[in-house]
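This report goes through selected features of one protein model. The sequence and coordinates are shown first, and the text then takes the features in groups.

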Amino acid sequence: MTSSASSALDQLLPQTAPGSSVDPALHTRSPAELAALQQQALAERLAALLPAIAPLRTLAEAQGLDAGCPLDAAPRLFFPHAIYKSYDPAWLLGFDFARMTRWLQNFTTVDLKAGEVPAFGTIDHWLGWLESESGLDVAHSSGTTGRMSLIGRAAADAAGRHARNRTGFVDVMRSHGLAEDQLWYHIVWPGAAGGRSAQQKMADGARVMSARSREHFLSLYDDDLGADYELYVVRARLARERGQLQLPQPTPYVADRLAEAERRHAHQAQYQERMLDRLAALRGERVMMMGSPHSIAALARGGLARGMGGMFEPPSAHITVGGLKGLDAPPDYEGTLERFLGRSIAVEAYGATEMNTGYIKCPAGRFHIAPWVVAWVLDPTDGWQPKPREGVQEGRGAFLDLGFASAWGGLVTADHIEIDYRPCGCGRASPSIGPLIR
């Protein structure tokens, strides 16, 4: 243990420089040692962020807290997940990006040049400008309520997120008997090549976590999804569900994207055949299929129909993202993937748009919490007070991610979870989240 907060952060955060290997003792610290390091790291983060993040400073002043905040009082400073869509939706729909930029500035230390925002006719161009001019990486939610969450991080934080998530991936995959230098795959992504949604950011993360280069990433479509397109699709769906006779009028930019989507849909079979052709060239290679259950299953069924089952180097892997979206699970999902991939590993992860770290399920069926993250459950029967970080606790999930340097990492989620602070049957000493998350 050390006395300085900076060295505490150095000890909590993994080495992510090229060529560095993942510490095999990632989840072995005692609770007392871990809490001491996390307390010091919290003090450093608050000292840097309180002067710069206005909503955090307001919360701290109201609670009478400062950079010396005790670790178990930290949830009193956490943002609710809804704060990331607390802007006036009329600003976004009306392309008032000067106001949107001033709102976003409240949540990051990155200078967004809010006084210099040009006029833009699309959300995509605004987000691109923030990225190129300020170095801000913005992820947005799918906007299922009709309003997108917008989460901005410095580019260095975004890159560090992917590199840190690889440490969790390597740690769990070692449990399956794989060495770190084996953990590189051809990523098979039956979706768009890119975009800024949280789901597309996961695809970007896979390039860092599991693929040696961008050439090892195969997507179904070559173009990107855009924020304007995704928001319009959700708004149109909500209008239909409400029985509105007139749908929102798309802008010319969105109308072009809708036409592109229609063309993709009309030629879906050809896109799938092209992807299967690319997969056929990977005989004897290790692949990781990644996407929604239905998109993965459709591709695997197409490959089986072409006699491509079991042609890949074992063990390959598959990871589902985005859930079922209200649909029934594909029939014989696991069996279909096993016949197509041969011996493979099902990689399961838990995370959220607002979180910087994902948690990968261990062989004992639990999601382990990285040492740079502190997790609580809040008690809905006691004014959402944090329960003790001991034993087994159940309630609303709340997380403090100390990996953030450009934004506050304290978040109250919308998820009901169970955390076990005791050592896990897999041998890891770190707290872990149970599989039943709702």
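The sections below cover strand pairing, aromatic contacts, enclosed and open spaces, and backbone exceptions.

The model is predicted. Every value given here is computed from it.

**Strand β14 and its partners**

Strand β14 covers residues 392-401, and seven of its ten residues are buried. Strand β12 (residues 373-379) pairs with β14 in the antiparallel sense, over six bridges. L378 stands opposite R396 of β14. Strand β15 (residues 410-420) also pairs with β14 in the antiparallel sense, here over eight bridges. In that pairing, Q393 has I419 of β15 as its bridge partner. β14 and β15 come up again below, with the second largest cavity.

**Aromatic and charge-ring contacts**

The structure holds 18 aromatic pairs. One of them is formed by F97 and W126, whose ring centres are 5.0 Å apart with the planes at 15°. A pair counts as stacked when its planes are under 30 degrees apart, so F97 and W126 are a stacked pair. F97 belongs to helix α5 (residues 97-105) and W126 to helix α6 (residues 123-134), so the contact ties together parts that are 29 residues apart in sequence. Both F97 and W126 are buried.

F79, Y84, Y87, W103 and F107 form one aromatic cluster.

Charged side chains also sit over rings. The charged end of R207 is placed over the ring of F217, 3.8 Å from the ring centre. R264 lies over the face of Y221, at 5.2 Å from the centre of that ring.

**Cavities and a pocket**

The model has five cavities of 30 Å³ or more. The table lists the two largest cavities together with the second largest pocket.

| Space | Volume | Lining residues | Lining by class |
|---|---|---|---|
| Largest cavity | about 120 Å³ | 17 residues | eight nonpolar, seven polar, two charged |
| Second largest cavity | about 70 Å³ | 14 residues | seven nonpolar, four polar, three charged |
| Second largest pocket | about 480 Å³ | 28 residues | nine nonpolar, six polar, 13 charged |

Which residues lie closest to the centre of the largest cavity? They are H27, G168, G358, H368 and A370. The elements that give two or more residues to the lining of the largest cavity are α7 (155-174) and β10 (359-360). Of the elements, α7 gives the most, with seven residues.

For the second largest cavity, the residues nearest the centre are E354, M355, D401, F404 and G409. Here the elements that give two or more residues to the lining are β14 and β15. These are the two strands that pair over eight bridges. D401, one of the residues nearest the centre, falls within the residue range of β14.

In the second largest pocket, E131, G195, R196, K201 and D204 are the lining residues closest to the centre. Five elements give two or more residues each to the lining of this pocket: α6, β2 (136-140), α7, α8 (198-210) and α10 (252-266). α7 gives the most to the lining of the second largest pocket, with five residues. Helix α7 thus has a part in the lining of the largest cavity and in that of the second largest pocket. Helix α6, which carries W126 of the stacked pair, is also among the elements that line the pocket.

**Backbone exceptions**

Most residues other than glycine have a negative phi, and most peptide bonds are trans. Three places in the model are described against that background.

P314 and P315 are joined by a cis peptide bond, with omega of about -10°. P315 is in the loop between α12 (293-305) and β7 (316-320).

F95 is not a glycine, yet has a positive phi of about 60°. F95 is placed in the loop between α4 (89-93) and α5. The relative accessible area of F95 is 28%. Buried means under 20% and exposed over 50%, so F95 is partly exposed.

D332 also has a positive phi, near 50°, in a residue other than glycine. The loop that holds D332 runs between β7 and α13 (333-341). With a relative accessible area of 46%, D332 is partly exposed.

Technical notes: Residues numbered from 1 in each chain as written. Predicted model: local features only at pLDDT ≥ 70, side-chain atom pairs only at ≥ 80, totals over all residues. Heavy atoms only, no water. Buried < 20%, exposed > 50% of the residue type's maximum accessible area, 1.4 Å probe, protein only. Helix = DSSP H or I, 4+ residues; strand = E, 2+ residues; numbered from the N terminus. Pairing = 2+ DSSP bridges. Phe/Tyr/Trp six-rings, centres within 6.5 Å; stacked < 30°, edge-to-face > 60°. Lys NZ or Arg CZ within 6 Å of the ring centre and 35° of its normal. 1 Å grid on protein atoms, 1.4 Å probe; cavity = no way out; pocket = protein on both sides within 12 Å on 5 of 7 lines; lining within 4 Å. Points joined across faces, edges and corners; volume = space filled by probe spheres on them. Nonpolar A, V, L, I, M, F, W, Y, C, P; charged D, E, K, R; others polar.
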